[in-house]
Amino acid sequence: MTGSRAHVARIDVDLQRHATPPLAALRADIRAMLADEAVECAEDVELLATELVTNAYDHGFRPLYARLWTPDAGKLVRLEVADSDPVNLPVLGLSRFGAERGRGLVLVDQLAQRWGSAVRSWGKTIWAEVACGPSIA
């Protein structure tokens, strides 16, 4: 990845405009953006986006945005979800909602090539990256 490369494709969703997660629209945008990628990749990215955006609404404070782009001509897809809570960072396998919850980040950990969080002055960003390639179909 180089800083001089342009983003090939990009989705930005202002989560502040939505009282509930806009998951159906986000998944449709992801399918359109990744139409030339392998189906499995698009499905993995949809699932990651669903988990991270839902977590921002369930565990974060004031979800801010979801951003998805391909920084290296489609070989890597990066998803970022930000909220206004810099304190409550994600913990793999734990949920404050009890034992029946807390599996979302386990899925993220399995599907993403890499994932993590970054604390900012205004909150936090949770990010995940998936390696993709063009569809062979």
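**Exercise 1. Through how many residues does a hairpin join strand 4 to strand 5?**

Solution. Welcome to this predicted model. Let's begin with the join itself.

- Step 1: The hairpin from strand 4 to strand 5 passes through two residues.
- Step 2: Strand 4 and strand 5 run antiparallel, and seven bridges hold the pair together.
- Step 3: For one position to find on your screen, take V119, which stands opposite K124 in strand 5. Keep K124 in mind for a later exercise.

**Exercise 2. Write down the order of elements along the chain, then the order of strands in the sheet.**

Solution. These are two separate orders, so take them one at a time.

- Step 1: Count the elements: the chain has three helices and five strands.
- Step 2: Read from the N terminus, and the elements come as β-α-α-β-β-α-β-β.
- Step 3: Now look at the sheet. It is open, it is built from five strands with antiparallel pairing, and its strand order is 1-2-3-5-4.
- Step 4: Find the edges. Strand 1 (10-14) and strand 4 (114-120) each pair on one side only, which makes them the edge strands.
- Step 5: Ignoring direction, neighbouring strands in this sheet are turned by 10° against each other on average.

**Exercise 3. Trace the pairing of strand 2 on both of its sides.**

Solution. Start from the edge and work inwards.

- Step 1: Strand 2 (residues 63-69) runs antiparallel to strand 1, with five bridges between them.
- Step 2: Two of the partners are easy to pick out: I11 is bridged to L68, and R10 to W69.
- Step 3: Turn to strand 3, which is also antiparallel to strand 2; six bridges join these two.
- Step 4: On this side, P63 stands opposite D83 of strand 3.
- Step 5: Check how covered the strand is. Six of the seven residues of strand 2 are buried.
- Step 6: Add the helix: helix 2 lies across strand 2, strand 3 and strand 5 (123-131), and runs at about 10° to strand 3.

**Exercise 4. Which residues of helix 1 are buried, and why do they line one face of the helix?**

Solution. A view down the helix axis helps here.

- Step 1: List the buried residues of helix 1 (residues 23-33): L23, L26, I30 and M33.
- Step 2: Seen down the axis, these buried residues fall within an arc of 90°, so they line one face of helix 1.
- Step 3: Recall the general rule: an α-helix has 3.6 residues a turn, so residues three or four places apart point the same way.
- Step 4: Look at the face turned away from the buried side. Exposed residues A24 and A32 are found there.
- Step 5: Ask what does the covering. Strand 1, helix 2 and strand 2 are among the elements over the buried residues of helix 1.

**Exercise 5. Two acidic residues, D83 and E46, are buried or exposed? Find the polar partners of each.**

Solution. Apply the cut-off, then look at the contacts.

- Step 1: D83 lies in strand 3 (residues 76-83). Its relative accessibility is 3%, and because this is under 20%, D83 counts as buried.
- Step 2: The side chain of D83 makes a polar contact of 3.0 Å with the side chain of K124. A polar atom of the D83 side chain also lies 2.7 Å from the backbone nitrogen of D85.
- Step 3: Beyond its neighbours within four places in sequence, D83 is in contact with residues including A56, F61, P63 and W122.
- Step 4: E46 lies in helix 2 (residues 39-59). At 11% relative accessibility, E46 counts as buried too.
- Step 5: The side chains of E46 and R31 are joined by a polar contact of 2.9 Å. With neighbours within four places in sequence left aside, E46 is in contact with R27, I30 and R31.

**Exercise 6. Find the disulfide and say which parts of the chain it ties together.**

Solution. Look for the cysteine sulfurs.

- Step 1: The whole structure has one disulfide. It is formed by C41 and C132, with their sulfur atoms 1.5 Å apart.
- Step 2: C41 belongs to helix 2 and C132 to the segment after strand 5, so the pair ties together parts 91 residues apart in sequence.
- Step 3: Both C41 and C132 are buried.
- Step 4: For the wider setting, 45% of the chain's 137 residues count as buried.

How values were computed: Residues numbered from 1 in each chain as written. Predicted model: local features only at pLDDT ≥ 70, side-chain atom pairs only at ≥ 80, totals over all residues. Heavy atoms only, no water. Helix = DSSP H or I, 4+ residues; strand = E, 2+ residues; numbered from the N terminus. Buried < 20%, exposed > 50% of the residue type's maximum accessible area, 1.4 Å probe, protein only. Polar contact = N/O pair within 3.5 Å; in protein donor to acceptor, adjacent residues only side chain to side chain. Contact = heavy atoms within 4.5 Å. Pairing = 2+ DSSP bridges. Axes fitted to C-alpha atoms, helices over the stretch in contact; angles between N-to-C directions. Disulfide = S-S within 2.5 Å. Arc of directions from axis to C-beta.
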